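The exercises below concern a single predicted model. Work through each task with the structure in view, then compare with the solution.

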Amino acid sequence: ECPNAGILWSEAIFLAPRPERKTKSVDALKHCEHDPTVLLAVSKLFWSERKLQKCRDWFARTVKLEPDYGDAWINFYKFELLHGTQEQQDEVKKRCILAEPHHGPLWCKYSKDIQHWQEKTEFFLLTGANNLLPPT
C-alpha cells in the first residue's frame, strides 16, 4: 500500500534473510532513492558486511542528504568510533554539532527525554553512540 515509504523499506532490508538483503536494498533504493532512512539502512548493511569504505561513503551521503536526521549522525559516529581514526571521529562530531539534528526515533529518544532538557547536540550524539550496538 505504501510503495514509497522509506521507513518500511529500511525495515524490510533487515527483516529479509541475509542472502536477500542486498537485493532488497536495491529495490528500496529504486523506490526511495532520496529517503534518509533507506540510505541509513544501506549504510548499516555495508557495515554489517564489513565493507568499511563503502559504509563510510554511504553514511556521508546520508548526512549530506538530510543533515537534520540525528539517527544517521549517531550511527556514523559509532561507526567511526569502532573503525575510524581520531581525526575522522572528530570530523563527524564537529559536522554533527554544526548541523544540529532534531529528527529520528533514536535521536529523539535522548533529545526529548525530560532529564536531558538542558543538554546540547554533542551530549545526544555521544549518548546515542555509546548505547548503540553495531548492526549484524
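**Exercise 1. The aromatic cluster**

Task: State which residues are linked into a cluster by ring pairs, then classify the pair of F59 and F76.

Solution.
- Step 1. The cluster is made of W47, F59, F76 and F79, joined by ring pairs. The model as a whole has 7 aromatic pairs.
- Step 2. For F59 and F76, the ring centres are 5.4 Å apart and the planes meet at 15°. Planes under 30 degrees apart count as stacked, so this pair is stacked.
- Step 3. F59 belongs to helix α4 (residues 52–65) and F76 to helix α5, with their positions 17 residues apart, and the pair thus links distant parts of the chain.
- Step 4. Both F59 and F76 are buried.

**Exercise 2. A pair between α7 and α8**

Task: Classify the ring pair of W107 and F124, and place helix α8 among the elements it packs against.

Solution.
- Step 1. The ring centres of W107 and F124 lie 5.9 Å apart, with the planes at 70°. Planes over 60 degrees apart count as edge-to-face, so W107 and F124 form an edge-to-face pair.
- Step 2. W107 is in helix α7 and F124 in helix α8, so the pair ties together parts 17 residues apart in sequence.
- Step 3. W107 and F124 are both buried. In helix α8 (residues 121–131), the buried residues are T121, F124, L125, T127, G128 and A129.
- Step 4. These buried residues of α8 pack against α5, α6 (86–99) and α7.

**Exercise 3. Charges over rings**

Task: Find which rings have the charged ends of K44 and R61 over them.

Solution.
- Step 1. The charged end of K44 sits over the ring of F14, at 6.0 Å from the ring centre.
- Step 2. The charged end of R61 sits over the ring of W58, at 4.1 Å from the ring centre.

**Exercise 4. The largest pocket**

Task: Describe the lining of the largest pocket by residue, by element and by chemical class.

Solution.
- Step 1. The volume of the largest pocket is about 290 Å³.
- Step 2. Its lining has 14 residues, and those nearest the centre are S10, E11, L40, K44 and Y69.
- Step 3. Two or more lining residues come from each of α1 (6–15), α3 (36–48), α5 (70–83) and α7 (105–111).
- Step 4. By class, the lining of the largest pocket has 8 nonpolar, 3 polar and 3 charged residues.

**Exercise 5. Two hydroxyl side chains**

Task: Are S25 and T62 buried or exposed, and which residues does each contact beyond four places in sequence?

Solution.
- Step 1. S25 is found in helix α2 (residues 21–31). Buried means under 20% relative accessible area; S25 has 5%, so S25 is buried.
- Step 2. Beyond its neighbours within four places in sequence, S25 contacts I13, V42 and L45.
- Step 3. T62 is part of helix α4. Its relative accessibility is 0%, so T62 also counts as buried.
- Step 4. With neighbours within four places again left aside, T62 contacts P36, L39, L40, S43 and A72.
- Step 5. As a distance check, the C-alpha atoms of S25 and F76 are separated by 19 Å, and these residues are 51 apart along the chain.

Notes: Residues numbered from 1 in each chain as written. Predicted model: local features only at pLDDT ≥ 70, side-chain atom pairs only at ≥ 80, totals over all residues. Heavy atoms only, no water. Helix = DSSP H or I, 4+ residues; strand = E, 2+ residues; numbered from the N terminus. Buried < 20%, exposed > 50% of the residue type's maximum accessible area, 1.4 Å probe, protein only. Contact = heavy atoms within 4.5 Å. 1 Å grid on protein atoms, 1.4 Å probe; cavity = no way out; pocket = protein on both sides within 12 Å on 5 of 7 lines; lining within 4 Å. Points joined across faces, edges and corners; volume = space filled by probe spheres on them. Nonpolar A, V, L, I, M, F, W, Y, C, P; charged D, E, K, R; others polar. Phe/Tyr/Trp six-rings, centres within 6.5 Å; stacked < 30°, edge-to-face > 60°. Lys NZ or Arg CZ within 6 Å of the ring centre and 35° of its normal.
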